[in-house]
Amino acid sequence: MSDLPARDDQPDRPADADPFDEIVEAETDRDPDLAVIEAGSRTLRTQAGPPQSDVPARPTDPEVDRALREVETELAGRWGETKLEPSVRRIAALMDVLGEPQRAYPSIHITGTNGKTSTARMIEALFSAFELRTGRYTSPHVQSITERISLDGAPIEAERFVEAYEDIKPYVELVDAKEEYRLSFFEVLTGMAYAAFADAPVDVAVVEVGMGGSWDATNVIDGSVAVVTPIDLDHTDRLGNTPGEIAKEKAGIIKPDATVIMAQQPVDAAQVLLKKAVEVDATVAREGLEFGVVARQVAVGGQLLTLRGLGGEYEEVFLPLHGEHQAHNAAVALAAVEAFFGIGSQHARPLDIDTIRKAFATVSSPGRLEVVRRSPTIVLDAAHNPAGARATSAAISEVFDFSRLIGVVGASDDKDVKGLLEAFEPIFAEVVVTQNSSHRAMDADALAGLAVEVFGDDRVQVEPRLDDALEAAITLAEEEGEYAGGGVLVTGSVITVGEARLLLGRG
């Protein structure tokens, strides 16, 4: 990878400087000294696949497509995944009648506010490169519901998805009959995933929570590694109004004797997570201290990284994803896999560098700074909260040289939409507000009202239909001429991105 054309963004430093010490010093505002809480916790202080498939389209076989639509309709008739009851009683009952399939394999459990899916994909790629059979459960999906359950790095086929539903349907109905409320959409999908992984069988499952942690339906597993990506404000009506309050719910995935891989966190969130680790005697490895990003260079098609893992340093790792936040996700994913293999607790040998390079080079993350068209360049990104929007804005500014960037924004009604718009305001010349087909979508006119407050009336255009919004944005991006460097960023919601992806011919 050393011959990749790259730009070195690293500042000059003394020849004898320790690059890892430098990043620790640079991150002190994000990872404070929590010595009192940390004193009782064990910490890791070692010094020592195949390419992902793209998002699947609808089945070409009419009968398979009909069967999949029937399953989708039945699932949609249940509680939506945003309607929650603080209990894992129903999913635990389903696991019981299914014979506890989630106990048939070890698992890595991932929570946090942003970066969960990309991190899960990286972990999956690393395991696949080491020839382990993987199961991955993530949410929400970009285009097809089958994306949520992956085997061996690819979404399960539509036929297998239908079979997984039919296999557990009698047991779902049995639990439904005994409970006050039927199993929810997300609980049934979780049961399908866990059963499919046991049936495969997989060597390891990589599981992303749906929302929160303690009461999330996925939390009937005992992950030997618990990953916490950066925590920020999202779902505040359900999880809390501060990162610390939200962290209390997310800390629920930390199980006794597990290893916790903790991304950089706000002070109050870090305190809560470390306190929970102490209570259950979990081992902690923290980004910026036990592992981290030593160096990164913007490269053609992605970035070139030097990562500090639990077992040592990994140089010249090419990651075909854009943005500093993805480099941090890569460091977290690497540490999680190292911890799974016992590095830092049982031994301090690094993993094979060639295998690590091969794995990261295969990573994809559809709908995350994904370029889907040129002339003008159209980028899709599923940022849906202010923290995600800030990361996306920084990455756009770093990677793309747009002379004029037009935003297409369709957001959900239950998000901090004004905060999201404020994060994008510095990079958007104009914004076209729209809405997706979800019942949770914010009305385009209501979104326009917020956009006018942030951008001013002359920079906001309203197009309720997403196809019209895309056309309007492309026209605006092209106003300066074919070679002027105009671009379009479609964002605000995973659903908006997925529907745009279909309209632009990527599904």
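This report describes a sheet, two nonpolar cores, salt bridges and some unusual backbone positions in a predicted model.

Residues are numbered from 1 along each chain as its sequence is written. Because the model is predicted, local features need pLDDT of at least 70 and side-chain atom pairs count only at pLDDT 80 or more, while totals for chains, interfaces and linings use all residues, and side-chain values use heavy atoms, with hydrogens and water left out.

**The six-stranded sheet**

Helices (H or I, at least four residues) and strands (E, at least two) are DSSP runs numbered from the N terminus, and two strands pair if DSSP finds at least two bridges between them. Six strands form an open sheet with mixed pairing, in the order S13-S14-S18-S15-S16-S17. Strand S13 (370-373) and strand S17 (460-462) are at the edges with a single partner strand each, so one side of each has no neighbour in the sheet. From one strand to the next the twist averages 25°, where axes are lines fitted to C-alpha atoms, for helices over the stretch in contact, and angles run from 0 to 180 degrees between N-to-C directions.

Strand S18 (residues 486-491) pairs in the parallel sense with strand S15 (residues 404-409) over six bridges, and also in the parallel sense with strand S14 (residues 377-380) over four bridges. On the S15 side, Val409 stands opposite Thr491 and Val408 has Val490 as its bridge partner; from S14, Leu380 stands opposite Val490.

A residue is called buried under 20% relative accessible area, exposed over 50% and partly exposed in between (1.4 Å probe, protein chains only). By that rule six of the six residues of S18 are buried, with Gly486, Val488 and Val490 pointing one way and Gly487, Leu489 and Thr491 the other. In a regular strand the side chains alternate between the two faces of the sheet. Helix H15 (residues 444-455) lies across S15, strand S16 (430-433) and S17, and runs at about 175° to S17.

**Salt bridges**

A salt bridge is a side-chain nitrogen of Lys or Arg within 4 Å of a carboxyl oxygen of Asp or Glu, and by this rule the count comes to 27. Three of these pairs are listed with the distance between their closest N and O atoms.

| Pair | Closest N and O atoms |
|---|---|
| Glu70 and Arg66 | 2.7 Å |
| Arg404 and Glu430 | 2.5 Å |
| Asp468 and Arg465 | 3.5 Å |

Arg404 lies in strand S15 and Glu430 in strand S16, so this pair ties together parts that are 26 residues apart in sequence, and both of its residues are buried. Glu70 and Arg66, by contrast, are four residues apart in helix H3 (residues 62-76), which separates them by about one helical turn; Glu70 is partly exposed at 42% relative accessibility, and Arg66 is partly exposed at 38%. Asp468 is partly exposed as well, with a relative accessible area of 34%. Elsewhere, Arg58, Asp65, Arg69 and Glu72 are joined into one network by salt bridges that share partners.

**Nonpolar cores**

A nonpolar core is a set of buried Ala, Val, Leu, Ile, Met, Phe, Trp, Tyr and Cys residues joined through side-chain atoms within 4.5 Å. The largest has 41 residues, of which Ile123, Val227, Ile261 and Phe360 touch the most other members. Helix H11 (324-340) is among the elements that supply at least two residues, and H11 gives the most, with ten residues. Contact means heavy atoms within 4.5 Å, and beyond its neighbours within four places in sequence Phe360 is in contact with residues including Met122, Leu307, Phe318 and Leu334. Apart from this core lies another, of 39 residues, among them Leu68, Tyr137, Ala164 and Val202.

In H11, 14 of the 17 residues are buried, and the helix is followed by Gly342, whose phi is positive, near 85°.

**Backbone positions of note**

Two cis peptide bonds precede prolines: the bond from Ala200 to Pro201 has omega near -10°, and the bond joining Ser375 and Pro376 has omega of about -5°. Pro201 is in the loop between helix H7 (185-199) and strand S6, whereas Pro376 is in the loop between S13 and S14.

Asp257, although not a glycine, has a positive phi of about 70°; Asp257 lies in the loop between helix H9 (243-250) and strand S8 (259-262) and is exposed, with a relative accessible area of 56%. Glu316 likewise has a positive phi, near 50°, but is found in strand S12 and is partly exposed at 31% relative accessibility.
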